[in-house]
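Reader: I should like to examine how the descriptive terms applied to this model are justified. Please set each value against its definition.

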Amino acid sequence: MMMTVSSVGKDGKMGSTDPGKYVRYTPEQVDALERLYHECPKPNSLRRQQLIRECSILSNIEPKQIKVWFQNRRCREKQRKEASRLQAVNRKLTAMNKLLMEENDRLQKQVAQLVYENSYFRQQNQNVATLATTDTSCESVVTSGQQHATNQRPPKDASPAGLMSIAEETITEFLSKATGTAVEWIQLPGMKPGPDSIGIIAISHGCTGVAARACGLVSLEPTRVAEILKDRPSWYRDCRAVDVMNVLTTGNGGTIELLYMQLYALTTLAPARDFWLMRYTSFLDDGSIVVCERSVNNTQNGPSMPPVQHFVRAEMLSSGYLIRPCEGGGSIIHIVDHMDLEPWSVPEVLRPLYESSTLLAQRTTTAALRQLRQISQETSQPPTSGWGRRPAALRALSQKLSKGFNEAVNGFMDEGWSTMESDGIDDVTVLVNSSLGKMVGANQYYDGGFPIMNNAVLCARASMLLQNVPPQVVLRFMREHRSEWADSSIDAYAAASVKAVPCSLPVSRCGSVGGQVILPLAHTIENEEFMEVVRLENVGCYQEDILMPGDIFLLQLCSGLDENAVGTSAELIFAPIDASFSDDAPLLPSGFRIIPIDSAKDVSSPKCTLDLTSALEAGPAGSRAFGDQSGYSGSNKSVMTIAFQFAFEAHLQESVASMARQYIRSIVSSVQRVASALSPSHFGSLTGSLLSPGTPEAQSLTRWICQSYSYYLGAELIKPSNEGGESILKALWHHSDAVLCCSLKALPVFTFANQAGLDMLETTLVALQDITLEKIFDDNGRKTLFSELPQIMQQGFLCLQGGICLSSMGRHISYERAVAWKVSNDTDDAQCMCFMFMNWFFV
């Protein structure tokens, strides 16, 4: 018999109006309610009444009682999910704790070993000092013996039995690096271990070659982890190919593989690398899987790989992956990468790239962990994301972009690339590819099925050195302000040529320049890489003397743009696409790559070509003020690689080549200008300004701004300081009110702004010079301001009532009040006019 209830407990218990009595729903009633819950967890009153009418076994239950049952059911579901989440977090923390305890034990052993070695070498130094006073021939004997031992490296036996011996030696060496003290590891700068971090990343200190080590947790089974890691081209963007040349089965159930691997060169200034490797996969008694690798260059009695043209044979020392099953599911992973990249084969300025364990950790070791975490997350999320595309399809698109850019940078002959003759200046290299395979990847048909028009691809590439500017800041600016360096007509030509639409060569800056809209598409877990679609609005070019305006779409891949990351390489790669691009859309990637050079040499800053505002770092979108470069330390040089690809008709080769060279040179010039403006250099290195030929440098200008404010208004703009001009500039830059300077011309133009001023105008220091004073006021504001300008010049200042002004993006800004004053130098000559907007906010 059903009773009136007012609440429902766990397992369907119902409480009556009498708090001392409880009854239960019958199993049939619970089943009926559960079925509806799975269809609709939160039914409205009409749906609940309908349920009572349609289900006879619920006819005696009041709708209010049904409502309470669903409330409690949702509460139990929420508690269950929360309990499941907490259990997962607990398992992860337990595994991380175990990993950290093991790391602590390893570090204690390393400390003990270092103490012993320190004591031993101290004793040896004392002995050598004693012997040196009596026998001067000791040093030469010891040195000659060491040289003899170093030069004697007998070839290893590469027969099946010999390979097994090499494999056992390799696994021992690898495990001693992964979990032992064979290498002195130090934490990678900027990495913060924790349950939400990618893992524990370390780099070597004082060992041969470059080495990096990582430990992490993923919710994938060991066999799946091993499968992913062994497929190196799927996650290692710098890997061109891995060919399995031979496979041997070992008696313990493992396998020995002989591999030939090629890596792309990171710049146009250095050759690519290749490796002749042995890979040993073994299964341990505790369920762990070990995949270890090493070079087998110096071998005999077995297969070998002769040198390959255009590649430098590098050496991989004992490296690999230790994959251990984790209690409760998932895996604990130890990764070691240890290589000798033969830095002697590159120009001296680039050798730090090939001697940098940090670069190896970022581009190789960490990339493996990130791929595992990304796949692990995708298995537990809905199958579609990013405009309805599956994560695997998005990864394939990003891989295609990266691979296409690497192919353009390297231009291998076996892929059909050939170098064109120089135009007499060797700063830009132009290559042509007319191979069928390349063109099938670019375009094959019109939208209507007509045959292709463009039958070749041209690539123009160059490399340049940047100094005193973080790579992340440069590429982030270039991403957000494409109009500062790109030619809209060439963008239109590139988009049309990929579609095989007949179009003539572009005329520089002939098309109308519209805005750009960035549409997010996908990103990795930590947002270190993201893909997006860029819509260039109202972009057109002259095609057979007709201007054809319209939108252009670019698929864009960005990585390493987080300026808080220390010494990270950054990339901006893009390719024109159709508005409704498919997963197998043809792509001709172009773009930029900037890699820091960890050089200890003191390099002078580049010549500055912009106004004094270049003393400060640009950008309202996440930028920092000068001097606050916590994410940029250690490296003051970086190498930037530029590569652009164009599809074209064969008879236009020379014309397209000339256009491409000119375009790359204009981009290089723009990059140098932008880099100078964004460089956190010393302010005294700046020469020149757009204000007038006699305009002072940044420190002098800020001092005059503050002095003039104090003279005319009788108050201090900033707190007085005895630390010099640089502290005044910093204080003004961080001032809470918007401070802007404009020139004393018939049409005043802004020449300087502090961070608040840039935020208010929604602009950057580079683009500030394009904004005139009249643009930020409406009609009434302009009339009032220009009628009062003579008063400002006569009495030196003017107080303005609150009002409305406009940002560079057209947004309305309300300010409580404003002050304008004349800025004079030490000889009382007027230099500029300064405005300060107080308590402003966007309407």
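Reader: What makes strand E24 (residues 550-559) largely enclosed by the rest of the structure?

Author: Eight of the 10 residues of E24 are buried, so the strand is largely enclosed by the rest of the structure. Buried means under 20% relative accessible area, exposed over 50%, and partly exposed in between, with a 1.4 Å probe and protein chains only. Strands (E, at least two residues) and helices (H or I, at least four) are DSSP runs numbered from the N terminus. The model is predicted: local features need pLDDT of at least 70, side-chain atom pairs count only at pLDDT 80 or more, and totals for chains, interfaces and linings use all residues. Residues are numbered from 1 along each chain as its sequence is written, and side-chain values use heavy atoms, with hydrogens and water left out.

Reader: How do you know that E24 pairs with E25?

Author: Two strands pair if DSSP finds at least two bridges between them. Seven bridges join E24 to E25, and the two run antiparallel. In one of these contacts, leucine 554 has proline 576 of E25 as its bridge partner.

Reader: Why is the pair of phenylalanine 574 and phenylalanine 644 called edge-to-face?

Author: Rings of Phe, Tyr and Trp (its six-membered ring) pair if their centres lie within 6.5 Å; planes under 30 degrees apart count as stacked, over 60 as edge-to-face and the rest as tilted. The centres of phenylalanine 574 and phenylalanine 644 are 5.7 Å apart and their planes 65 degrees, which means that the pair is edge-to-face. Phenylalanine 574 lies in strand E25 (residues 570-577) and phenylalanine 644 in strand E27 (residues 637-648), so the pair ties together parts 70 residues apart in sequence. Both phenylalanine 574 and phenylalanine 644 are buried. They belong to one aromatic cluster with Trp485, Phe592 and Tyr663, and the structure holds 19 aromatic pairs.

Reader: What makes helix H11 (residues 471-480) largely enclosed?

Author: Nine of its 10 residues are buried, so H11 is largely enclosed by the rest of the structure. Among the buried residues are Arg476 and Arg479, as well as Val473, Val474 and Leu475.

Reader: Which value makes the phi of asparagine 468 notable, and is the residue buried or exposed?

Author: Its phi is positive, about 60 degrees, although asparagine 468 is not a glycine. Most residues other than glycine have a negative phi. Asparagine 468 lies in the loop between strand E19 (456-467) and H11, and its relative accessibility of 16% makes it count as buried. Glutamate 342 also has a positive phi, near 55 degrees. That glutamate 342 lies in the loop between strand E16 (331-340) and helix H7 (351-354), and it is buried at a relative accessible area of 18%.

Reader: Why is glutamate 221 called partly exposed?

Author: The relative accessible area of glutamate 221 is 46%, which lies between the two limits, so it is partly exposed. Glutamate 221 is found in the loop between strand E7 (210-218) and helix H6 (222-230).

Reader: How do you know that a charge sits over the ring of tyrosine 37?

Author: The criterion is that NZ of Lys or CZ of Arg is within 6 Å of the ring centre and within 35 degrees of the ring normal. The charged end of arginine 73 sits over the ring of tyrosine 37, 4.3 Å from its centre. Arginine 811 likewise lies over the face of phenylalanine 842, at 3.9 Å from the ring centre.

Reader: Why is valine 843 called exposed?

Author: Valine 843 has a relative accessible area of 69% and therefore counts as exposed. Its place is in the segment after strand E33 (841-842).
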